[in-house]
Amino acid sequence: MATKEGPELQQIDLTKLNLQQLTQIKQQLDQELGVFQDSLQTLKMAQTKFQDSGESLEKVTPDSEGKTIMVPLTGSMYVPGKIADGKAVIIDIGTGYFIQKDVEGAKEYFKRKVNFVTEQMEKIQQMGLEKSKIREAVMDVMEVRLQAQLSVQQQQRQQQAAKS
């Protein structure tokens, strides 16, 4: 049994589509580009959070044990706390799971997460560029069609004016 990598692409000759079909394709592409933009914003926020977390770990050293810090409960609410162990931290790995790692291991974890998110962003940007090129091609064909329709209408008016 053969496996396929990625979605199967379908080629469409845009010049054979009518204006309504071209408009539908353009609307679909606009929608997909919007989804890509939303995804990029979400990934950028995640990337920033992972970077901030990694940078925060730079301040955790064995000497910081017992020092008072502000612990975030939400994005805008903090409570005072003390560093219990300057050699290990507890990190949120998502969906309500936390793990304890040494500081260097936690830094590596956040570095890997930043790299992963960056790769995903690059993939989405590439797909967005491809969709934008297709959208531009659709718009070019639509413009040609509209110009042709206007030209035909203008010729019809001129013929009717000549008959009058």
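This passage describes the nonpolar cores, a surface patch and the salt bridges of a predicted model. Residues are numbered from 1 along each chain as its sequence is written. Local features of the model require pLDDT of at least 70 and side-chain atom pairs pLDDT 80 or more, whereas totals for chains, interfaces and linings use all residues, and side-chain values rest on heavy atoms, without hydrogens and water.

The largest nonpolar core (buried Ala, Val, Leu, Ile, Met, Phe, Trp, Tyr and Cys residues joined through side-chain atoms within 4.5 Å) comprises 17 residues. Buried denotes under 20% relative accessible area, exposed over 50%, and partly exposed the range in between (1.4 Å probe, protein chains only). Leu57, Val89, Ile91 and Phe110 have the most contacts inside this core. Two or more residues each come from α1, β3 (88-94) and α2 (103-163), with α2 giving the most, eight residues. Helices (H or I, at least four residues) and strands (E, at least two) are DSSP runs, numbered from the N terminus. Not counting residues up to four places away in sequence, Phe110 is in contact (heavy atoms within 4.5 Å) with Phe50, Ser53, Gly54, Leu57 and Ile91. Apart from the largest core lies another, of seven residues, including Leu14, Leu22, Val138 and Met142.

A nonpolar patch of about 380 Å² is present on the surface, made by Ile69, Val71, Leu73, Met77 and Val79. Patch residues have over 30% relative accessible area and no salt bridge; nonpolar side chains (Val, Leu, Ile, Met, Phe, Trp, Tyr) are joined within 5 Å, like charges within 9 Å. Ile69 belongs to strand β1 (residues 68-72) and is partly exposed, at 35% relative accessible area.

Six salt bridges (a side-chain nitrogen of Lys or Arg within 4 Å of a carboxyl oxygen of Asp or Glu) are found in the structure. Lys131 pairs with Glu32, with the closest N and O atoms 2.7 Å apart. Because Lys131 is in helix α2 and Glu32 in helix α1, this pair ties together parts 99 residues apart in sequence. Both are partly exposed, Lys131 at 25% and Glu32 at 22%. A salt bridge also joins Glu58 and Lys107, whose closest N and O atoms are 3.5 Å apart; Glu58 lies in the loop between α1 and β1, and Lys107 in helix α2, 49 residues apart. Lys107 further meets Glu104 at 3.2 Å, N to O.

A network of salt bridges links Lys26, Asp30, Arg135 and Glu136. Lys26, in helix α1 (residues 19-56), is buried at 19% relative accessible area. Beyond four places in sequence, Lys26 touches Arg135, Val138, Met139 and Met142.

Conventions
Accessible areas come from the Shrake-Rupley method with a 1.4 Å probe; for residues, only the protein chains shown count as cover.
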